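Colleague: Could you take me through some side chains of this model, one at a time, and explain each term as it comes up?

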Amino acid sequence: MENRLIRVVETTRASRVLLIGPYDPHCGEYTFLAPPLGVWRLAGVLESAGVEAKVFDPNCCREPPQRALERELRSGAWDIVGVSTTGMTLRFDLELAHIVRRVMPEAFIVAGGMEATFRPELMFELGPFDLVVLGEGERPLLELATRRRAGQPLGGIAGTAERAKDGKILSIPQHALNRTELRDAIFSTPYEKMPYSAYWDRLESAYRIGALPSKAAREAHLGEIRSVRLITLNYCPMGCTFCSATNFLHEAQGSVASIARLEADECLTMIERIVAAHPRARTIIFQDDIFTFTRDRRILPLCEGIVAAKHSGRIPANLQFISTNRIDAMSADRLAAMSRAGFRVLGFGIESFSKKVLGEFNKAQIHSHIEPMLTAALANGMTPFLDLILSSPHSTLEDIGQTLREAYRWLRAGCEIGMYPYVIPFSGSAFAQNPTLLPQTYYAHQRVAGTDIAWQQPVKILPVDPIVTDAILRMESSFEAMLGEIEGHTAHLPSRLRSLLWILSSLPIMAECGQYIADESDVWSELHARLPTLRPTAPVVAAMA
């Protein structure tokens, strides 16, 4: 298959590029511990074009990542160093960028990722960057490598932002990859080189798999841990007001980007390649923000293709799948087909059980689909994983109480839940750009380790109602106290278990406000049934006081 992206720089064989993934020192609090897939895709595209590229992942080092990065930088001359950034990890990403500048003063350093695309001016203000990549990095990095090798000027590249001599930021838009270019980029991802086993070993240790209370629990966790991720879509088109993913490619292009994704047969090609590269893998996680659309011609042929591939032995019969889906795109036929194909967990961005809050999130259309589709998914033997945000800018105590009660009901029915207390003002989201919400936006003082650089970063959008804000902040304080106590006695808690801590933290606070959520002893029982072996809990209970 001809790769149209690769053909651009067939002669750039002398260039060397180091790509650094986002740095999350909190063992997956902000990111799941896995190879940074977008960064590896870039490395694959560059290498296929003759550019020597290496990925440095600060989240999976045998030594402190700062020391490991210095060692990597001193191991050879890098022409270009790319640093991937996200809002949640920005202070840590910037720390690594400044290490690059200190160790390699002449290095050409590039920022990329979500935060860089939406706030290039901040990258230049806080970081030692020579250039910022806007949106997808394939074309800009290929062009940059070509010019760097040829000794040509590095300015004026489409899909980048640069700082002029007068300090002004010049942003040059680029079109998003079309379907063929996206396919070629995904096919270039070097799964064979990605050290998944190292990540699996660290996760199994962090979650103390051997101490889980039942064989079924151990097997379920191993199924998720020994997973490989696959992206088949360029972006989510849903337009949720709290999310920046919809606007990422629009921002880089300067207009609405077209949706592109792999076809069913192309997904199967990648699945077969992944299991050949990583035969210990038990699960493929489709990393797309939205895997199944309401008008979707791919899902049923893909499920049929997976079943046929298992029957013929091209992929293991016990291979399982996880995907995130629109709940209003589900139907009885689709759920049954996905179950037959081996989809084990289906993620749903429910966000809230309050229809009013869903309207605020631009998701009111999903409300009537929640009950029947969760019921159907459970009946088909699949585990729904629900993402929830407890409060919105205009939520009431009744809205929060409704979401907490429904969350606990569905958790006991067999769902798993990731729960967040408030909206995070991600750069590029509609909420973050809404000036009327500035009074509700709270900031944290951030500092880049090893430097004198500091700034105020927006971290919370709290409810307009001060009574609701007080309740949410008290819940957060109680949650953090309980989490610290429990993790002192047992393993790192994934989000599915933290949701029970959020419910526990809410019980006395919501009761004071006239909102009964659940029986405290029942919630503790649910938590203990899911935890690895836990030492006596008296200190944990005391933390609730």
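Colleague: Is Arg409 buried, partly exposed or exposed?

Modeller: This is a predicted model, in which local features need pLDDT of at least 70 and side-chain atom pairs count only at pLDDT 80 or more, while totals for chains, interfaces and linings use all residues. Residues are numbered from 1 along each chain as its sequence is written, and side-chain values use heavy atoms, with hydrogens and water left out. Buried means under 20% relative accessible area and exposed means over 50%, with partly exposed in between (1.4 Å probe, protein chains only). Arg409 has a relative accessible area of 36%, so the word for this residue is partly exposed.

Colleague: Which residue of helix α15 meets Arg409 in a salt bridge?

Modeller: A salt bridge is a side-chain nitrogen of Lys or Arg within 4 Å of a carboxyl oxygen of Asp or Glu, and helices (H or I, at least four residues) and strands (E, at least two) are DSSP runs, numbered from the N terminus. The partner in helix α15 (residues 367-379) pairs with Arg409 in helix α16 (residues 397-413), so parts that are 38 residues apart in sequence are tied together. With N to O at 2.8 Å, the partner of Arg409 is Glu371.

Colleague: How many residues apart are Glu406 and Arg409?

Modeller: Glu406 also forms a salt bridge with Arg409, the closest N and O atoms being 2.7 Å apart. Both residues lie in helix α16, about one turn of the helix from each other, and their separation is 3 residues.

Colleague: Is Glu181, which forms a salt bridge with Arg139, buried or exposed?

Modeller: In this pair the closest N and O atoms are 2.8 Å apart. Arg139 lies in helix α6 (residues 138-150) and Glu181 in helix α7 (residues 179-187), so the salt bridge ties together parts that are 42 residues apart in sequence. Arg139 counts as partly exposed at 26% relative accessibility, whereas Glu181, with a relative accessible area of 14%, is buried.

Colleague: What is the relative accessible area of Thr85?

Modeller: Thr85 is found in strand β3 (residues 80-85). Leaving aside neighbours within four places in sequence, Thr85 is in contact (heavy atoms within 4.5 Å) with residues including Leu90, Asp93, Met114 and Met123. Thr85 is buried, and its relative accessible area is 1%.
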